[in-house]
Amino acid sequence: MPTLSTIRFAVAAIALPLSAAVASALEIKPFEQKAFDAARAAGAATLVDVHAAWCPTCKAQRSVFKSLESNPAYKDVTVYSVDFDKQADVVKAFGANKQSTLI
């Protein structure tokens, strides 16, 4: 099970190339294939969060995301949230074997 430090590192690694010039928030959105594909095609910084409402590790990860929402260093990062229980087709397409997977 990943530690909170590992999760913070994984999220921070995505934002390293981003500029902190404009203050804004990390954005968390429900996963929608069309929006995700458009973001990827545009070269946007994306993170896929495969989560389950009942998962304690997922709750810890969500807490980290919430703590980064007002940090301008993450202004261009969008977290696409995939429901492990309700979006099994998306989970399978990403090759995620369990909840609390960050891609």
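Here is a short chat about the predicted model shown above.

Biologist: Hi! What does the secondary structure of the chain come to?
Modeller: Hello! This is a predicted model, and its chain has four helices and four strands.

Biologist: Nice. What pattern do they follow along the sequence?
Modeller: Reading along the sequence, you meet α-β-α-β-α-β-α-β.

Biologist: And how many of the residues count as buried?
Modeller: The chain has 103 residues, and 37% of them count as buried.

Biologist: What about the surface, how much area does the chain expose?
Modeller: About 6000 Å² is exposed. Carbon and sulfur atoms supply 57% of that area.

Biologist: Let's turn to contacts. Among those between residues at least 6 apart in sequence, what share joins residues at least 24 apart?
Modeller: That share is 83%.

Biologist: Okay, new topic. How many salt bridges does the structure hold?
Modeller: There are four salt bridges in the structure. We can go through some of them, including the one between Asp 49 and Arg 62.

Biologist: Sure! How far apart are the closest N and O atoms in that Asp 49 and Arg 62 pair?
Modeller: They are 2.8 Å apart. The pair links distant parts of the chain, with Asp 49 in strand β2 (residues 45–51) and Arg 62 in helix α3 (residues 56–68). Along the sequence, Asp 49 and Arg 62 are 13 residues apart.

Biologist: Is Asp 49 buried or exposed?
Modeller: Asp 49 is buried, with a relative accessible area of 0%.

Biologist: Why does it count that way?
Modeller: Buried means under 20% relative accessible area, and Asp 49 counts as buried because its value is 0%.

Biologist: Then what does its partner Arg 62 count as?
Modeller: Arg 62 has 24% relative accessibility, so it counts as partly exposed.

Biologist: Got it. Which residue does Lys 66 form a salt bridge with?
Modeller: Its partner is Glu 69, and their closest N and O atoms lie 3.5 Å apart. Lys 66 is partly exposed at 48% relative accessibility. Glu 69 is partly exposed too, with a relative accessible area of 24%.

Biologist: One more, please. What is the partner of Lys 29?
Modeller: Lys 29 forms a salt bridge with Glu 27. For this pair, the closest N and O atoms are 3.9 Å apart.

Biologist: And what are the accessibility values for Lys 29 and Glu 27?
Modeller: Lys 29 has 30% relative accessibility and counts as partly exposed. Glu 27 has 39% relative accessibility and also counts as partly exposed.

Biologist: Thanks, that helps me find my way around!

Terms used: Residues are numbered from 1 along each chain as its sequence is written. This is a predicted model: local features need pLDDT of at least 70, side-chain atom pairs count only at pLDDT 80 or more; totals for chains, interfaces and linings use all residues. Side-chain values use heavy atoms; hydrogens and water are left out. Helices (H or I, at least four residues) and strands (E, at least two) are DSSP runs, numbered from the N terminus. Buried means under 20% relative accessible area, exposed over 50%, partly exposed in between (1.4 Å probe, protein chains only). Contact means heavy atoms within 4.5 Å. Accessible areas come from the Shrake-Rupley method with a 1.4 Å probe; for residues, only the protein chains shown count as cover. A salt bridge is a side-chain nitrogen of Lys or Arg within 4 Å of a carboxyl oxygen of Asp or Glu.
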